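Thanks for coming. Please have a look at the structure on the screen before I start.

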Amino acid sequence: MAEPKKMVLELAGHEVVVSNPGKVYFPRAGVTKLDMVRYYLAVAPGALGGVRGRPMALKRFVNGAEGEPFFQKRAPEKRPDFVQTVELSFPSGRTADEVVVTDEAALAWVINLGCIDLNPHPVRAADLDHPDELRVDLDPVPGVQWPQIRDVAMVAAGVLADYGLTGWPKTSGSRGMHIYARIEPRWEFGEVRRAAVAVAREIERRAPEIATSKWWKEERHGVFVDYNQNAKDRTVASAYSLRPVPDVRVSTPLTWAEVPWCDPAEFTIGTVPERFARTGDPWAEMDEAAGSLDGLLELAASDEAAGLPDAPWPPHYEKQTGEAPRVQPSKRRSGGTGGTGRRQSTMPLIEIARAETKDEAMAGLERWKARYPEVWPRLEPADVLVDAMRGRSSLWYRIRLNLRHVPEAQRPPQEPLEVDYDPWAGFRP
């Protein structure tokens, strides 16, 4: 029997059309669009708890191909009456109409668009200027194993508790963990980010061997506490979001008792609905635990008084008052006298590839490794810097190597790139 071209679901008093329900989005797991819709409906009380009333950036698969990068799109102009939108303004000056999910019907409609994971802003549509969430994003550098991420999460829980906030942990569904703290919506984005910087620095002070607040990749080690996820235009995958990985993992809320032993591979589209039905939502009481940022802002003021500058902002933001130099350490000008004024490297970095896709970039790295088999074993995982760069309309990829662990006499020179992609070709005047 031929697959139906569409299905109509009755949800929250509305008819929701699911087009091409048999379209496969995850070939390895055999997951279709209809499977994704059914998953979100099975965990709807929890999923809606993370997105209800929040503007949401819609992200879809490029070409529907598993593992491809996402592109961000505005809410379509043609939408059913039961789907609300709100206009957001961003630091870049642009604006966008973004969807605000309020019920199961709107949730299913979004998934039908091919939006695999849900990315809400940390504000409610009724007040777009005052976040009600502080988000702690634990992002491991290459080579860091899951137990270390769990250890840093427990340190983060202690920091939040010591400054009057309740942390709510979840797996990211990818390589890291997220910890949310519900806050009273009294502070603007800049103050929330300032509090997040204080959290990151305090975590680093308490666990300097396993955690870092350093923004520049070449300075990082262990688990990076990404404070800039609290900047105004940033979104994070919500609780119960499916993630674009081959085994269809879920960004799954946890209890703190589960964190020390949890395995993110266990939380997938196939296992989380049963877990939800059996144990309920660990985050169900989050809204009742809204706290104050006063303690963290006092900590931030103390750090500033001790001479710590504001941590670097994302590159598309204007330079902020009190911000540390927004130049990666390896390219900062020498502080000595009598120099030429040219940038002098403080880290021995070489660039290997600029490529349109990550696979092409990694293939270039493999060719470089084959030419320098005696050098590669000296590099640590954190010495391989793989950056997803924003082009005009899509991502491109850059690979650099930090040769700090290679004896100076044995360091390969900068050579022509293995892959030399120009993301701006055709756009220059």
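I will go from the whole chain to two helix packings, and then to one residue.

This is a predicted model, where local features need pLDDT of at least 70 and side-chain atom pairs count only at pLDDT 80 or more, while totals for chains, interfaces and linings use all residues. Residues are numbered from 1 along each chain as its sequence is written, and side-chain values use heavy atoms, with hydrogens and water left out.

The overall picture, then. The protein has eight helices and 18 strands; these are DSSP runs numbered from the N terminus, helices being H or I with at least four residues and strands being E with at least two. Of its 429 residues, 48% count as buried, where buried is under 20% relative accessible area with a 1.4 Å probe, protein chains only. Contact means heavy atoms within 4.5 Å. Among contacts between residues at least 6 apart in sequence, 67% join residues at least 24 apart.

Now the helices. α4 (residues 146-162) packs on α5 (residues 189-206) at an angle of about 120 degrees, and their axes are 9 Å apart. The axes are lines fitted to C-alpha atoms over the stretch in contact, with angles from 0 to 180 degrees between N-to-C directions. α4 and α5 are therefore oblique to each other; under 35 degrees would be roughly parallel, over 145 roughly antiparallel, 65 to 115 roughly perpendicular, and the rest is oblique. On the α4 side the contact includes Val 152 and Val 155, and on the α5 side Val 199 and Ile 203 are among the residues met.

α5 also packs on α7 (residues 294-305), at about 70 degrees with the axes 8 Å apart. That makes α5 roughly perpendicular to α7. By class, this contact has eight nonpolar, no polar and seven charged residues. Nonpolar here is Ala, Val, Leu, Ile, Met, Phe, Trp, Tyr, Cys and Pro; charged is Asp, Glu, Lys and Arg; the others, Gly among them, are polar.

Last, one residue. Where is Asn 228? Asn 228 is in the loop between β14 (223-225) and α6 (272-279). Asn 228 is buried, at a relative accessible area of 0%. Its side chain makes a polar contact of 2.8 Å with the side chain of Arg 193; a polar contact is a pair of N or O atoms within 3.5 Å, and within protein one must be able to donate a hydrogen and the other to accept it, with residues adjacent in sequence counting only if both atoms are side-chain atoms. A polar atom of the Asn 228 side chain also lies 3.0 Å from the backbone oxygen of Pro 312.

Conventions
Buried means under 20% relative accessible area, exposed over 50%, partly exposed in between (1.4 Å probe, protein chains only).
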